[in-house]
Amino acid sequence: MNFQDEYTVALADFVMVQQGMAPGRAIQLGQRASAEGLSALRILDIHDDAVGRIQAQRSADAGGCQPHSIECVSTFFRASLAAYETANAQLTWQNGTLVQLNEALETQAIRIAHALHHDAGQLLSYACLKLAQAEQNSSPECVGYLTETRALCDNIDQQLLRFSHELQPAVLQECGLVSALDF
């Protein structure tokens with residue numbers, strides 16, 4: 001039996017016969033709808049169709065099912081669920097946008113970390129080597145200034161390395177986000 005027919009039978013049983021036993025059946029149907037990937041609005045359409053079929057059957061049987069009450073409940077349920085779906089869609093869109101923004105920020109952080117570590121760090125290392133060579137070929141009065149300048153370059157190199165690791169921690173690459181956050 002398809003979901004729509006099964007839902008109609010269960011709802012009819014609830015309305016007409018087994019009112020106390022319906023919640024368990026409703027839960028089973030909700031789980032089945034979820035497993036089948038039905039949206040909330042599709043479930044509501046199935047519900048509305050079931051209510052219409054039950055009303056038509058009750059009218060044919062001359063049972064008088066209080067159709068106005070059922071229509072009010074259905075209309076209220078539809079309005080609430082439509083608002084839920086709209087809010088849920090907006091939230092899903094916003095979450096997607098945040099994920100894209102976060103990915104773009106991570107990509108930029110990786111690019112900047114790479115540039116600091118590899119490009120600027122290598123240039124600074126080369127400058128330190130040249131300063132060391134200049135120290136060896138300089139007069140004694142210049143050696144002190146060159147040594148001081150090389151020490152400053154070494155400090156700058158260490159700071160660039162620290163910035164690079166802060167932007168892209170090795171633990172993030174090796175162990176993942178959760179471990180990196182714990183670290």
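Biologist: Before we start, what does accessible surface refer to here?

Modeller: Accessible areas come from the Shrake-Rupley method with a 1.4 Å probe. For this chain, a predicted model, the total comes to about 12,800 Å², with 60% belonging to carbon and sulfur atoms.

Biologist: And what makes a residue count as buried?

Modeller: Its relative accessible area has to be under 20%. Of the 183 residues in the chain, 20% count as buried.

Biologist: How do you know which elements the chain has?

Modeller: A helix is a DSSP run of H or I with at least four residues. The chain has seven of those and zero strands, so the order from the N terminus reads α-α-α-α-α-α-α.

Biologist: Why is the set with Phe 3 and Tyr 7 called a nonpolar core?

Modeller: Because its members are buried residues of the listed nonpolar types, joined through side-chain atoms within 4.5 Å. It is the largest such core, with eleven residues, including Leu 29, Ala 33 and Ile 46. Helix 1 (3-17), helix 2 (22-35) and helix 3 (40-60) each supply at least two of them, and helix 1 gives the largest share, five residues.

Biologist: What does Leu 11 touch, leaving out residues up to four places away in sequence?

Modeller: His 47, Ala 50, Val 51 and Ile 54. There's also a second, separate core of seven residues, with Leu 116, Leu 124, Leu 131 and Cys 153 among them.

Biologist: Which elements have the lowest and highest mean pLDDT?

Modeller: Helix 7 (residues 177-182) is lowest at 68, and helix 5 (residues 140-167) highest at 87. Where pLDDT is low, don't read the predicted coordinates in detail.

Key:
Residues are numbered from 1 along each chain as its sequence is written. This is a predicted model: local features need pLDDT of at least 70, side-chain atom pairs count only at pLDDT 80 or more; totals for chains, interfaces and linings use all residues. Side-chain values use heavy atoms; hydrogens and water are left out. Helices (H or I, at least four residues) and strands (E, at least two) are DSSP runs, numbered from the N terminus. Buried means under 20% relative accessible area, exposed over 50%, partly exposed in between (1.4 Å probe, protein chains only). pLDDT is the predictor's confidence in each residue, from 0 to 100. Contact means heavy atoms within 4.5 Å.
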